[in-house]
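Student: I've just been handed this one and I'd like to get my bearings. Could we go through it together, one question at a time?

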Amino acid sequence: MGANISGGGSIDGDATGPPLRPRLDDIPESCAALILARLNPPEICNLARLNRSFRSASLADFIWESKLPSNYKLIVEKVFVEEDRDLMNLKKKDIYARLTKPIPFDGGTKEIWLDKNTGGVCLSMSSKALTITGIDDRRYWNHISTEESSYRTVAYLQQTWWFEVDGELEFQFPAGTYSLFFRLHLGKSSKRLGRRVCNTEHVHGWDIKPVQFQLTTSDGQHVVSRCYLDNPGSWVLYHVGDFIVENSNALTNIKFSSTQIDCTHTKGGLCVDAAFIYPSSARKEAKLCS
């Protein structure tokens with residue numbers, strides 16, 4: 001085919017016929033790989049369906065290594081059990097695909113994964129990994145099972161005067177900007193006759209004073225925001241704040257909290273699922289706090 005194109009001949013060898021036009025199948029695999037390297041992962045997967053050249057090129061290790069975070073080997077060492085560490089022997093595309101699925105660690109109380117679109121590191125900490133004031137007193141708090149959390153359980157507050165949830169995480173993040181959120185829900189949801197229903201009987205006190213969110217990092221960054229909790233019956237991501245990681249080789253310690261400690265009134269009917277950390281480039285629908 002290449003000789004016909006360069007010679008300007010037709011398909012049947014007639015040199016006087018119109019020249020053949022190059023097709024996508026004629027693009028060398030090495031050129032296709034260079035094109036794919038400039039795209040994001042979903043775009044790479046879409047173009048891989050075009051033809052054999054793009055499909056073969058999409059498997060190149062150098063393409064997917066550039067999409068993996070700089071610390072992906074550390075992630076594998078930290079969160080995978082010994083028998084699963086042969087993951088490093090897989091093709092880089094397969095490593096990327098595996099890391100985009102949430103991976104539990106620290107006894108199943110935390111999860112880590114990569115954002116499918118950007119390859120950015122995402123983390124979450126379940127309610128059981130957070131320090132909740134009064135969690136051991138069943139008059140106020142208890143853990144309830146639910147399919148609406150990836151952890152299959154959330155902390156439910158019936159009523160309290162002093163609401164305080166604290167978290168702390170130390171991790172070696174790749175350089176970049178990250179956003180921290182609390183995932184909260186007013187009311188207790190359940191299934192009845194196959195339909196979702198929400199009991200808001202205990203929801204009260206959140207419209208009187210706002211909840212205060214705080215975030216502090218080991219290198220001195222500090223963010224404070226306040227927000228009224230609303231929208232009963234729906235899970236809401238409350239944006240605590242952003243932090244910047246400049247040194248990807250250093251551990252970053254993050255402390256964060258959610259408090260409403262005005263003891264002039266009680267508050268209750270709140271589910272606490274988890275705290276989430278996403279790359280700020282991974283846009284999330286969240287309630288912004290002031």
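**Getting to know the model**

Tutor: Let's start with T153, which is buried at a relative accessible area of 13%. Keep in mind as we go that this is a predicted model.

Student: Okay, which strand is T153 found in?

Tutor: We've just said that T153 is buried. As for its place in the fold, T153 belongs to residues 153-157, and that stretch is strand β6.

Student: Which residue has its backbone oxygen 3.2 Å from a polar atom of the T153 side chain?

Tutor: Leaving aside neighbours within four places in sequence, T153 is in contact with several residues, including S127, K128, H143 and D273. I144, S145 and T146 are among those contacts too. The backbone oxygen lying 3.2 Å from a polar atom of the T153 side chain belongs to I144.

Student: Is strand β2 enclosed or open, judging by how many of its residues are buried?

Tutor: Look at which way the side chains go: K110, I112 and L114 point one way from β2, while E111 and W113 point the other way, and all are buried. Five of the five residues in β2 (residues 110-114) are buried, so the rest of the structure leaves the strand largely enclosed.

Student: What stands opposite E111 in β3?

Tutor: First, the strands themselves: β2 and β3 (residues 121-126) run antiparallel and are joined by five bridges. Their hairpin has six residues between the strands, and in it G119 takes a positive phi near 80°. Across from E111, in β3, you'll find S124.

Student: And over on the β1 side, which residue stands opposite E111?

Tutor: Strand β1 (residues 103-105) pairs with β2 in the antiparallel sense, over three bridges. In that hairpin there are four residues between the strands, and D106 takes a positive phi near 50°. The residue opposite E111 here is P104.

Student: Let's do rings. How many aromatic pairs does the structure hold?

Tutor: Quite a few residues to look at here: W113, F181, F276 and Y278 form one aromatic cluster. Counting pairs, the structure holds 13.

Student: What is the angle between the planes of F173 and Y178?

Tutor: Both F173 and Y178 are buried. Their rings lie 4.9 Å apart, centre to centre, and the pair is tilted. The angle between the planes is 55°.

Student: Is the pair of F213 and Y238 stacked or edge-to-face, and how far apart in sequence are the parts it ties together?

Tutor: The centres of F213 and Y238 are 6.1 Å apart and the planes differ by 25°, which makes the pair stacked. F213 sits in strand β11 (residues 211-217) and Y238 in strand β13 (residues 235-245), so the pair links parts of the chain separated in sequence by 25 residues.

Student: Which ring has the charged end of R183 over it?

Tutor: Here the partner of the ring is a charge. The charged end of R183 sits 4.3 Å from the ring centre, and the ring is that of W235.

Student: One last spot: is I27 buried or partly exposed?

Tutor: I27 lies in the loop between α1 (2-7) and α2 (29-36). Leaving aside neighbours within four places in sequence, I27 is in contact with A32, S53 and F54. The C-alpha atoms of I27 and F54 are separated by 8.6 Å, with the two residues 27 apart along the chain. With 23% relative accessibility, I27 counts as partly exposed.

How values were computed: Residues are numbered from 1 along each chain as its sequence is written. This is a predicted model: local features need pLDDT of at least 70, side-chain atom pairs count only at pLDDT 80 or more; totals for chains, interfaces and linings use all residues. Side-chain values use heavy atoms; hydrogens and water are left out. Rings of Phe, Tyr and Trp (its six-membered ring) pair if their centres lie within 6.5 Å; planes under 30 degrees apart count as stacked, over 60 as edge-to-face and the rest as tilted. Buried means under 20% relative accessible area, exposed over 50%, partly exposed in between (1.4 Å probe, protein chains only). Helices (H or I, at least four residues) and strands (E, at least two) are DSSP runs, numbered from the N terminus. A charge sits over a ring if NZ of Lys or CZ of Arg is within 6 Å of the ring centre and within 35 degrees of the ring normal. Two strands pair if DSSP finds at least two bridges between them. A polar contact is a pair of N or O atoms within 3.5 Å; within protein, one must be able to donate a hydrogen and the other to accept it, and residues adjacent in sequence count only if both atoms are side-chain atoms. Contact means heavy atoms within 4.5 Å.
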